[in-house]
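Trainee: Could you take me through one part of this model in detail? I'd like a close look at how the chains meet and what sits around that.

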Amino acid sequence: MAGVASAQSAAAQTLSPQTLWPPPLWLVVAGVIVVALMAYALLAGADFGGGVWDLLASGPRRSAQRELIAHAIGPIWEANHVWLIIVVVLLFSCFPAAFARLAVVLHIPFTLLLIGIVLRGSAFTFRTYDSAHSAVQERWGLLFSIASLFTPILLGVTVGGIVSETVGRAPIGVPGATFVAQYVAPWLTPFAFAVGALALALFAFLAAVYLTVEAGHNRELQEDFRRRALAAAAAVFVTAAVALGAAELTAPRVRDALMFTAWAIPFQLATGVAAVTAIAALLARAYRVARVAAAAQVLLILSGWAICQYPYIVPPTLTLAGAAAPHETLELILIALAVGALLLFPSLGYLFRVFKGQGAAPVTH
Amino acid sequence: MSDLLAARSQMAMSLAFHIIFAVVGIGMPALMVIAERRWLRTGDHHYLELAKRWARGTAILFAVGAVSGTVLSFELGLLWPRFMEFAGPIIGMPFSLEGFAFFTEAIFLGVYLYGWERVRPRAHLAAGVIVAVSGAVSGVFVVIANAWMNTPAGFRMVDGQPMDVHPLRAMMTTATFPETLHMTIAAYAATGLVVAGIHAALLLREPRNAFHRRALLVGLLVGAPAALVQPLSGDISARYVARWQPIKLAAMEADFTTQRGAPLHVGGLPDETRGVTRGAIEIPYGLSLLAFHDPRAVVQGLGDFPRDLWPPVAITHFAFDVMVGLGSLMAIIAAWALVVLARKREPADSRRLLWALTAIAPAGFIAIEAGWTVTEVGRQPWVVYGVMRTADAVTPMPGLIVPFTTFTLLYCFLGATVAWLLYQQVLKSPTAGEDELDPATASQTRSHHAPHNAAHGTSHGTSHNASHGARRSAGDA
């Protein structure tokens, strides 16, 4: 347990304010990881949400809804997916002990997550390029949309397991510990699945809000997604309440962090304002405002998670400082990130300008 | 099946699956860009058709390559957490750089696939070039990480922990140059010749088909020069293995005894318990010549090393012979095709060449799989050569046969689907009106493709076209 003790003393050090400025390199990398996760949630999350709405497409404009979704995510989903790769690579390069721990304890949900990612991506592409016969299209569409449904749940489950400390406390290699205790119980918790449901609801909400904008001047299609966005907003509210309730019962540390810390109240207020703004904007049909507010809501929830975990990367055993790679690695990776960003952001800007800029949205009069 | 064997099998299966898509992801954009450039220069619509079909092929293969690559990035930890905990900080650098190359590839592939009418022709071609270059670069970065596993450097071991980590030195190890060179050339040789081979087969049935003639030509332009020079890069690799991984070389050659002027074993059945290789053709002095360019050089046999450090000899030796045999065959047929091209003759007019190209169509991919088998099986029992054993890297989780079986079934399904789609969308001879089957470009195929027209269109004009096309497809629904 020497590792834990030294990790905790490192944690104590990191909490003292004078060591936070200038920020230690591991904190900067951790910040980049959080930003990459935010980008993944806002972009790829919405692509998964699009799959959910493909599954739930209904009414007289059923196939128009599906066309709009495919049109919206087609050119960009591959690039959006890369944010996850960036997170994984940064995790194993810069916090190798945390990566190893998560990979061991969360082997099963990660494997299921991967199957979801594989089926979602390949089924979407197969549908695009397979024959236009409706039976074939429906079959790939079903696979694509079901995979889009369960992948976000698994993402949320892993996050829930980490933040509620069950992953950090898993008795890996402890004599006498059963398989279930080591590899299943840490993530098969009510709280983890509540977070899974919340992730699904958030992604569906984001997607529906984005699609109101993507629908452009097609009022009927826009109304379809407006109704869906409002329903998803309700689902976000319900799943967030359930997650909070589950935290109250099973994850007291999360509850304490979310309710009783100094930053909790302003943070909860800000998230609430974003949520109310998004709903009000949807009601007022101010779709671009709704899009900004919905994105802000998701960013605030993710920041809440990050702050809730700080200074741990795998609470309660591994701190960011304790799990960090050697200084040389962090330094070089940060230089690579800076140079890469110079290449990446103009390219991403170009991609979104070509496909999401003025006049690029599918317009149906 | 032990958990270690299941983990190794899952990793081997995942890599063997992914490498095909990774290789095509490097080679295919090159073909597609050459075809598009020829269309822009000549206005020959067959080349546009080729560029569009190869773009479709690239899209399908890229998607499966991206998801199977994602699986691998997780599997490194899911199966080998202790390896990643140790190696992550040392080889994270090439993986991070690869992340950006992959990002660039994904972004510009999106522009290429969906942007035929949204960006100017030059920008479109440039997007294709960026896809081709970033694909090759990302392959190089991943192979750099593997090179480090063969010739680890850039750190010091103190009490089982890496100290003094220098990620840049870890990127520039002894194996970096020979491995990245050999793999990059292999990607172009395999992709170019498989395309040439498939269209050669189709030309045997339809000798006058202009579409397949052009496809054959572009395939040869990419594949034949690469296949021709590949034996030279193989020679560089062999000499590096002889010097830095003598056990691997001994296993590759099924060479049990150390000798001066060692012969080359071709074929044969290595018997690890007796320490002999039976039934091999021996080429006198061959191994000493190949490994050290000196017929009198001493080559170490497996007998010089402790028994527990031997890699599986038979697999390594057999895989090596397959790689070298197929590589040599490809080089010979590539040389033949290049002679035909140099004489300004149409390769499609020589039925014998068409037969030869058909016969070796899959050879590049088999050789690549065999080559990676040599690299990876030949490195056993180490995951990091001389530093960490594979058995010490594996996850403690039991029951690994379950994920192994699951991923095997999943990949069989994906492989079969991809093969069917490639046949339908890329290889079949074009028929009238077939473009309408392609939803990704359905909105564009109706409008005209003449290059001068597109070139004169302003960006306003193209975006108008695009929204017009989208309106049509949404209206149809």
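Mentor: Here's a walk from the chain contact to the helix packing and then the core. Keep in mind that this is a predicted model. Where the two chains meet, 65 residues of chain B are in contact with 66 residues of chain A. On the chain B side, the elements that put in two or more residues are H2 (45-79), H3 (81-114), H5 (167-171), H14 (401-427) and H17 (459-476). H3(B) gives the most, with 22 residues. Sort that side of chain B by class and you get 41 nonpolar, 19 polar and 5 charged residues.

H3(B) turns up again in the largest nonpolar core, where it supplies the largest share, 21 residues. That core has 298 residues, and the ones touching the most other members are Val87(A), Phe205(A), Leu206(A) and Ala278(A). Take Leu206(A): setting aside neighbours within four places in sequence, its contacts are Leu42(A), Gly45(A), Ala46(A), Gly49(A), Ala294(A) and Val298(A).

Back in chain B, look at how H1 (residues 3-42) packs on H7 (residues 210-244): the angle is about 130°, and the axes are 10 Å apart. An angle between 115 and 145 degrees falls outside the parallel, antiparallel and perpendicular ranges, so H1(B) and H7(B) count as oblique to each other. The crossing of H1(B) over H7(B) is right-handed. H1(B) brings Gly27(B), Ala30(B), Leu31(B), Ile34(B) and Ala35(B) to the contact, while H7(B) answers with Val218(B), Gly219(B), Leu221(B) and Val222(B). By class, that makes 7 nonpolar, 2 polar and no charged residues.

Terms used: Residues numbered from 1 in each chain as written. Chains lettered and ligands numbered in written order. Predicted model: local features only at pLDDT ≥ 70, side-chain atom pairs only at ≥ 80, totals over all residues. Contact = placed C-beta atoms within 7 Å. Helix = DSSP H or I, 4+ residues; strand = E, 2+ residues; numbered from the N terminus. Nonpolar A, V, L, I, M, F, W, Y, C, P; charged D, E, K, R; others polar. Axes fitted to C-alpha atoms, helices over the stretch in contact; angles between N-to-C directions. Parallel < 35°, antiparallel > 145°, perpendicular 65-115°, else oblique. Left-handed = near helix turned anticlockwise from the far one by under 90°. Core = buried A, V, L, I, M, F, W, Y, C linked by C-beta atoms within 7 Å. Buried ≥ 20, exposed ≤ 12 C-beta atoms within 10 Å, placed from the backbone.
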